[in-house]
Amino acid sequence: MTSGSEVVHGYPHLTTVRSALAALHRRLSYDGVHSYAPSVFPADVAFCDQDDLHLGTQRVARALVQHLRLPDARMIVSFREMEHAASVELAAGPEYFIELNDRFRTHRDDIGAALAHEITHVLLHRLGLAFAGTRDNEILTDTVTTYLGAGWLLLDAFREDGASSQKLGYLTPEEFGYVLAKRAIAFGEDPAPWFTSAQAYTAYTKGLAQARRDGQQPPLTAAGWAGRRKYARERRYAQENGSRTDHGSSSPSASYAFEGGGRDTLRVSFPCPTCQQRIRVPVSGRVRARCALCRTILECDT
């Protein structure tokens, strides 16, 4: 939890975020991921000033448990002074103990955001899905929370002005916006009306632009002129010299890579813009590829 200190912006964790998206799709499959449509509704996690603190918190926790499909998980929530926003005790269940920072006693609008992250920890624990290291595992948790429809709460908790700032979670605001945009594109959902924070909406629009750029990279036909020209130059080099040369299979900044031998056996691999699973197709001109993991149909010019 960042409160009052400078908020990091940009995309410093983007590689880990993309790995998390691929891992989630591999673990749940297409049908499993799409069982989390639609997102949790704002009315289900709203917290009024007139609500009893503990009863309201339990109501929001139950709504998030139901959304994340943990029907036999009971969350027991308490408040105490602590450094972080929240913590959860992971055990066999069915009861899980969540502690929230005392700060949320007076910042009740953000209780849903903190609970969403912690309850997703429970979901990942049950799925047996984890990354090595605390940092990467927390990034995985933020990514899964957002992609499964509860993480818009974490982004909406972001506020920043000249005098103060607040952010929950390990992703930057723009990275939250990126994952939320990936979900919006895949599920045909528009989360923009749910934001109460103007800064969160701005971060979402930036993340949306980044997410759209993923679908505009070679060899996809939506790639721009400059990217297509660069791709053609590197393809020609790989066809004439093979991909395993000192020159490399592609430039370091490119998401695609050439594999194989000369002109007849050359293939190109690139990440699916939806789930980030790498796709390999022959270098043979116009081709339509279907991602086996998320079922996205991709129009390519290889």
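In this predicted model, a good place to begin is Gln276, which sits in the loop between E8 and E9. Although Gln276 is not a glycine, its phi is positive, at about 75°. With a relative accessible area of 12%, Gln276 is buried. The loop belongs to the hairpin of E8 and E9, in which six residues lie between the strands.

The two strands of this hairpin, E8 and E9 (residues 278-282), run antiparallel and are paired over five bridges. Within that pairing, Val268 stands opposite Val281 of E9. E8 also has a partner in strand E7 (residues 257-259), again in the antiparallel sense, here over three bridges. One of the residues involved is Ala257, whose bridge partner in E8 is Ser269. How enclosed is E8 by the rest of the structure? Strand E8 spans residues 267-271, and because four of its five residues are buried, the strand is largely enclosed.

The hairpin loop also leads to the other end of the sequence. Ala22, a residue of helix H1 (residues 14-34), is in contact with Cys275, Gln276, Gln277 and Leu293, leaving aside its neighbours within four places in sequence. The C-alpha atoms of Ala22 and Arg278 are 9.1 Å apart, although 256 residues separate the two in sequence. Ala22 has a relative accessibility of 5%, so it counts as buried.

Cysteines deserve a separate look in this region. The structure holds zero disulfides. Cys272 is accordingly in no disulfide, and the nearest cysteine sulfur, that of Cys294, lies 3.5 Å away. For Cys275, the closest cysteine sulfur is that of Cys291; the distance of 3.6 Å is too far for a bond. Cys272 is buried, with a relative accessible area of 0%, and Cys275 also counts as buried, at 0% relative accessibility.

Attention now turns to the nonpolar interior. In soluble globular proteins, nonpolar side chains tend to be buried together. The largest nonpolar core in this model has 69 residues, and those with the most contacts inside it are Leu64, Met75, Leu100, Leu115 and Ile119. Helix H3 (residues 111-127) gives the most to this core, contributing ten residues. What surrounds Leu115, once its neighbours within four places in sequence are left aside? Leu115 is in contact with Thr57, Val60, Ala61, Leu64, Val77, Ile98 and Leu100. Apart from the largest core lies another, of 20 residues, and Val268, Cys272, Ile279 and Ala289 are among its members. Two of these have appeared above: Val268 as the residue opposite Val281, and Cys272 as a buried cysteine.

Two helices, H6 and H7, can be compared with the span expected from their lengths. Helix H6 (residues 173-187) has 15 residues, which at 1.5 Å a residue should span 21 Å; its end C-alpha atoms are 21 Å apart, in agreement. H6 is mostly covered, with 13 of its 15 residues buried. Just after H6 comes Gly188, whose phi is positive, at about 65°. For helix H7 (residues 198-214), the 17 residues should span 24 Å at 1.5 Å a residue, and this agrees with the 25 Å between its end C-alpha atoms.

Which residues of H7 are buried? They are Ala200, Ala203, Tyr204, Gly207, Leu208, Gln210, Ala211 and Asp214. These residues cover an arc of only 165° around the axis, so they lie on the same side of H7. The cover over the buried residues of H7 includes H1, helix H5 (152-156) and H6.

A few backbone details complete the picture, all of them in loops that follow helices. The peptide bond from Ala37 to Pro38 is cis, with omega near -5°, and Pro38 lies in the loop between H1 and helix H2 (53-67). Another cis peptide bond joins Pro218 and Pro219, with omega about 5°; Pro219 belongs to the loop between H7 and helix H8 (225-241). Arg69, found in the loop between H2 and strand E2 (74-80), has a positive phi near 60° and is a residue other than glycine. With a relative accessible area of 49%, Arg69 is partly exposed, whereas Gln276, the starting point of this description, is buried.

Conventions. Residues numbered from 1 in each chain as written. Predicted model: local features only at pLDDT ≥ 70, side-chain atom pairs only at ≥ 80, totals over all residues. Heavy atoms only, no water. Buried < 20%, exposed > 50% of the residue type's maximum accessible area, 1.4 Å probe, protein only. Pairing = 2+ DSSP bridges. Core = buried A, V, L, I, M, F, W, Y, C linked by side-chain atoms within 4.5 Å. Contact = heavy atoms within 4.5 Å. Expected span 1.5 Å × (residues − 1). Disulfide = S-S within 2.5 Å. Arc of directions from axis to C-beta.
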